[in-house]
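Work through the following exercises with the sequence and the structure open beside you. Try each task on your own before you read the solution beneath it.

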Amino acid sequence: MKNRKPYRNEREVKTAVTMLIVLLLLFMTGAQSFAAAENGMEDKEDTDIYVQDEAGEDEKGQGEAAETADVSDEDTEKDENGDEETEESAEKDPEASGQESEDKAAEEPPEKAAAKATEVRSNAAVLRAAAGQRITYTGTKVGSAAGETSVFKVVSGGTTYTGTCAKQGVKMSTSGQATITKIANTSKIAKLVYHYAVEPGTANWWNGSQSTSKAGLLLGYSSDSATNVTKQRLIEAFCQIYNMGDSSWYSTITNPNTGGWTSDTAQKVRNLYNSINTGSITVPEGFEIWYADAGNSQPFMIWAYNPAGYVTMTKKSGNKKITG
């Protein structure tokens with residue numbers, strides 16, 4: 001028995017040591033697992049917090065979008081009910097304001113909508129005094145004998161209008177006011193004035209190099225100098241005949257008290273006026289001619305020509321996403 005005891009003790013010691021080693025290994029393995037688990041929990045907690053923050057932001061964004069949508073719905077209802085759009089709703093939903101402008105533009109008559117949508121610019125002459133209104137003028141006499149001519153001037157809107165007497169036998173005033181009426185560019189007098197007083201440029205009959213030239217050959221005389229009637233005076237005669245009629249003009253111009261022309265000269269001028277075919281003469285839009293009634297003073301016609309310029313059109317929309 002004494003010989004077996006050491007063996008048992010040695011075996012028991014080995015068993016105990018083995019168990020201690022196992023326990024130690026188990027303890028060390030458990031500690032590592034615990035540390036890893038703890039770290040995992042910390043990472044998981046950090047991740048959960050980040051995701052929760054993102055979710056919170058998303059929910060907030062959705063809430064703002066829902067709020068904006070509610071405001072838009074309210075604005076739409078207000079627009080449909082005809083209520084005035086508030087400044088707050090316009091700030092929260094700028095597109096609603098643009099849509100409202102387009103809706104209102106669609107409800108407007110085409111004429112008004114076109115006027116608002118289109119801007120047109122032209123440098124054609126436009127007398128700033130509308131038809132039926134009064135303009136201020138000055139008048140003077142140039143030439144002599146049968147070539148004496150009344151010359152009128154009106155300055156309006158930066159444009160100088162010039163013209164001449166429209167009624168023989170009425171005393172001219174050197175200044176005053178007159179009521180104006182537009183004469184159509186399709187009329188015979190508009191075509192004659194444009195063709196002879198404007199179209200030839202610097203050689204025109206009214207105030208160009210040909211204005212003081214005698215018109216004898218044009219009237220059928222053997223030479224230009226056979227009459228004192230100038231080409232400038234022919235322009236005045238054309239205006240008077242158009243306004244008075246050729247018979248009334250003839251009787252007035254041949255009267256010693258209201259004209260003093262010889263019947264031969266008057267007849268030749270009247271024949272020239274009636275013989276001119278204006279069918280091939282085209283008057284551009286930039287030309288204007290007006291009749292001016294000066295009351296008890298001599299009536300007259302005035303005209304001006306500014307070539308029509310380029311026209312630009314700009315489309316405007318209430319929705320800035322369309323036109324910028």
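**Exercise 1.** Find which residue takes a positive phi in the hairpin of strand 2 and strand 3, and then describe how these two strands pair.

*Solution.* Begin with the hairpin, which has two residues between its strands, and there you find that G157 takes a positive phi near 60°. Helices (H or I, at least four residues) and strands (E, at least two) are DSSP runs, numbered from the N terminus. The model is predicted, so that local features need pLDDT of at least 70 and side-chain atom pairs count only at pLDDT 80 or more, while totals for chains, interfaces and linings use all residues. Residues are numbered from 1 along each chain as its sequence is written, and side-chain values use heavy atoms, with hydrogens and water left out.

Next, look at the pairing: strand 2 (149-156) and strand 3 (159-165) run antiparallel and are joined by six bridges, where two strands count as paired if DSSP finds at least two bridges between them. As one example, V154 has Y161 in strand 3 as its bridge partner. Finally, strand 3 is mostly covered, since six of its seven residues are buried; buried means under 20% relative accessible area, exposed means over 50%, and partly exposed lies in between, with a 1.4 Å probe and protein chains only.

**Exercise 2.** Follow the pairing from strand to strand, and state in what order the strands of the closed barrel run.

*Solution.* It helps to recall that strands of a sheet pair through backbone hydrogen bonds, either parallel or antiparallel. Starting from strand 3, you reach strand 6 through four bridges in the antiparallel sense, and within this pair T164 has M301 of strand 6 as its bridge partner. Strand 4 (residues 175-182) is joined to strand 5 by four bridges, again antiparallel; here K182 is partnered by W290, and T179 by D293. Strand 1 and strand 4 pair over five bridges, also in the antiparallel sense, and T136 has Q177 in strand 4 as its partner.

The six strands make a closed barrel that runs 1-2-3-6-5-4, with antiparallel pairing. The twist averages 40° from one strand to the next, where axes are lines fitted to C-alpha atoms, for helices over the stretch in contact, and angles run from 0 to 180 degrees between N-to-C directions.

**Exercise 3.** Explain why helix 5 is described as largely enclosed by the rest of the structure, and name elements that cover its buried residues.

*Solution.* First count the buried residues: nine of the eleven residues of helix 5 (residues 188-198) are buried, so this helix is largely enclosed by the rest of the structure. Among them are I189, L192, V193 and Y196.

Then ask what lies over them. The cover includes helix 7 (231-244), helix 9 (263-275), strand 5 (287-293) and strand 6 (300-305), and contact here means heavy atoms within 4.5 Å. Helix 5 also packs on the sheet, where it touches strand 5 and strand 6, and its direction makes about 115° with that of strand 5.

**Exercise 4.** Decide whether T265 is buried or exposed, and list its contacts beyond its neighbours within four places in sequence.

*Solution.* Locate T265 in helix 9. Its relative accessibility is 9%, and therefore T265 counts as buried. When the neighbours within four places in sequence are left aside, T265 is in contact with Y221, T227 and V229.

**Exercise 5.** Work out how many salt bridges a search of the whole structure finds, and describe where the side chains that meet in a salt bridge lie.

*Solution.* The search finds one salt bridge, defined as a side-chain nitrogen of Lys or Arg within 4 Å of a carboxyl oxygen of Asp or Glu. The side chains of E236 and R233 meet in a salt bridge, at 3.1 Å from N to O. Both residues, E236 and R233, lie in helix 7, three residues apart, about one turn of the helix, and both E236 and R233 are buried. Helix 7 itself lies across strand 1, strand 2, strand 3, strand 5 and strand 6, and runs at about 75° to strand 3.
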